[in-house]
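Notebook open, viewer open. I'm going through this one piece by piece and jotting down what I look up.

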Amino acid sequence: MALYSEKVMDHFLHPRNVGEIENADGVGEAGNPVCGDIMRIYLKVSDDVIEDVKFETFGCGSAIASSSMATEMIKGKPVSEALALTNKAVVEALDGLPAHKLHCSVLAEEAIKKALKDYYDRHGIAYDPARFPEEDTCAHCAL
Amino acid sequence: MTIAEMQAEIRRLKQEKNVCILAHTYQSQDIWEVADYVGDSYGLSVQAAGTDADAVIMCGVRFMAETCKILAPDKRVYLANGGAGCPMADQLDAELVRALKREYPGYAVVCYINTTAETKTECDVCVTSSSAQKVIGNMEADRILFIPDCNLGDYVAKQLPDKTFRFVHGGCPTHLRITPRDVETARRLHPDAEILVHPECHPSVTALADYVGSTSGILAHAEAGDRRAYVIGTENSIVQHLQFSCPDKAFYALSGDTICRNMKLTTLGDVLGCLRGAFGEEITLDEPVLNAAKRCIDAMLRLSQ
């Protein structure tokens, strides 16, 4: 039986939104030396909407697919909706991930949240710190 | 036991049991001193293929021990610390490689040696950072799907402009911690030093370096060079090894973050425990996997002649 869904394969083979945004409004990086995945998310925000989003990920197939899907899910959305994105939603949109690769979706959520926090910090926008994760909080990676 | 006592016991036991100890260059100095051979992935694979010992202990990470078993299937091969893996080697499994092959028909699949035995079964040839240019240059194929490290792949592709390359987004999390800013800082702090980096670094880093090469290439370049100072952009154990081999020169780490936790797992105590039969993990591979992966590694050894 195939380990990966068709959607995971599609986003692994044809990742959307790959690259870097020069003069991004927010940049977030997540990674863990145990997993060996490094994700960096770049945001361009205009009128409180995610106008553009790009990612640079060096990792496994699931990490690339998670980054690709997560960026698709927040592109064109209000910042508040992007902030509400969960790793569970990313996994569902990919029609599932292998159990030992669930942490990849956690890293995608973390990288987006860090990019949004960076956007708030750069633009002097007040926020509730409790909404943002601590460094390297991927519970799966800490096992 | 002191380090010296432990080393003496290891030397006595390995002779008594006819065991060959292989150590990757990123291992610690105390392990280097008891190894029969120290080298990068390419050198280790050549040694593994030619050893006449009854058993081999690999001080490195899992794919290196697998490579050793593939090249010396009649020997007992042990990974000194069974917990030492390679995050990059785990990035692509056989299912993902099969999908890539369907996506890129007509491309020869070249994998970095930092892949699992299972992944190698799906690939045409493997390469190491020191052999990649020569092996791919000697291949008849001019369309290459290079996996999993796109940064090493990008560096090799620049040396072979007549071939067409495709990549996936894989890479080494340790080398990717080095940034162009680290290079700028090193230039300012050590203006007379040469900056030597590994091709697993991001292309924005290798573009700024004075020399790009495998770990054995970096060691040889720094040892033979006439500069008084060198900045090293690879796993930071190499800084210390160069301090031992060239105490009259100065060596600095390009980044304080380039520490590979997996390479640091193996200790001198693990090596002794492995020789005593208490620690270590014996590597076993199914015969079909071993044979298919061997074709991939043999192709590298043949094409790098």
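How many residue pairs are in polar contact between chain B and chain A? I get six, counting pairs with both residues at pLDDT 80 or more. That filter is there since I'm working on a predicted model.

**Entry: the interface**

I looked up salt bridges across the interface of chain B and chain A next, and the rule finds zero. The contact itself draws on 23 residues from chain A and 21 residues from chain B. Between them the two chains bury about 1,800 Å², and 65% of that is on carbon and sulfur atoms. I then asked which three residues of chain B supply more of its buried area against chain A than any other three. They are Glu95(B), Leu96(B) and His169(B), with 35% of the area.

For secondary structure, I noted two helices of chain B, H5 (94–103) and H8 (150–159), that each put at least two residues into the side touching chain A. H5(B) has the largest share of that side, five residues. By class I have nine nonpolar, six polar and six charged residues on the side of chain B that touches chain A.

**Entry: H5 of chain B**

Given that share, I went back to H5(B) and pulled its buried residues: Ala94(B), Glu95(B), Leu96(B), Val97(B), Ala99(B) and Leu100(B). What do they pack against? On the chain A side I find helix H1 (6–13) and helix H2 (61–74). Within chain B I find strand E5 (108–112), helix H6 (117–120) and strand E7 (143–147). Two names on my buried list, Glu95(B) and Leu96(B), were also in the trio from the buried-area lookup.

**Entry: Gln91(B)**

I picked Gln91(B) from the loop between strand E4 (76–79) and H5 of chain B. Is Gln91(B) buried or exposed? I read 2% relative accessibility, so Gln91(B) counts as buried. The side chain of Gln91(B) reaches the backbone nitrogen of Gly171(B) at 3.0 Å.

I listed the contacts of Gln91(B), leaving aside neighbours within four places in sequence. From chain A I have Gly36(A), Asp37(A), Phe58(A), Gly59(A), Cys60(A) and Gly61(A). From chain B I have Leu96(B), Pro148(B), Gly170(B) and Gly171(B).

**Entry: salt bridges**

The interface has zero, but over all chains I count 20 salt bridges in the structure. A reminder to myself: side chains of opposite charge can pair when their charged atoms come close. I looked at three pairs within helices, plus a network.

- Arg12(B) and Glu9(B) form a bridge with the closest N and O atoms 3.0 Å apart. Both lie in helix H1 (residues 3–16) of chain B, three residues apart, about one turn of the helix. Arg12(B) is partly exposed at 42% relative accessibility, whereas Glu9(B) is buried at 18%.
- Asp121(A) and Lys117(A) meet in a bridge at 3.7 Å, N to O. They are four residues apart in helix H5 (residues 102–122) of chain A, so about one helical turn separates them. I get partly exposed for Asp121(A) at 43% and partly exposed for Lys117(A) at 30%.
- Asp298(B) and Lys294(B) meet at 2.8 Å, N to O. They too are four residues apart, here in helix H14 (residues 287–303) of chain B, so about one helical turn lies between them. Asp298(B) is partly exposed at 26%, and Lys294(B) is partly exposed at 25%.

Why does the three-or-four spacing work in a helix? An α-helix has 3.6 residues a turn, so residues three or four places apart point the same way.

The network I noted is on chain A, where salt bridges link Glu29(A), Arg40(A) and Glu56(A).

**Entry: a sheet in chain B**

Last lookup: in what order do the four strands of the open sheet in chain B run? I read E10-E9-E11-E12, with parallel pairing. The edge strands are E10 (211–212) and E12 (250–253) of chain B, each pairing on one side only. I zoomed in on strand E11 (residues 229–233) of chain B, which pairs with E12(B) in the parallel sense over four bridges. One partner I wrote down: Val231(B) is bridged to Tyr252(B) in E12(B).

Terms used
Residues numbered from 1 in each chain as written. Chains lettered and ligands numbered in written order. Predicted model: local features only at pLDDT ≥ 70, side-chain atom pairs only at ≥ 80, totals over all residues. Heavy atoms only, no water. Contact = heavy atoms within 4.5 Å. Buried area = accessible area lost by both parts, 1.4 Å probe. Salt bridge = Lys/Arg side-chain N within 4 Å of Asp/Glu carboxyl O. Polar contact = N/O pair within 3.5 Å; in protein donor to acceptor, adjacent residues only side chain to side chain. Nonpolar A, V, L, I, M, F, W, Y, C, P; charged D, E, K, R; others polar. Pairing = 2+ DSSP bridges. Buried < 20%, exposed > 50% of the residue type's maximum accessible area, 1.4 Å probe, protein only.
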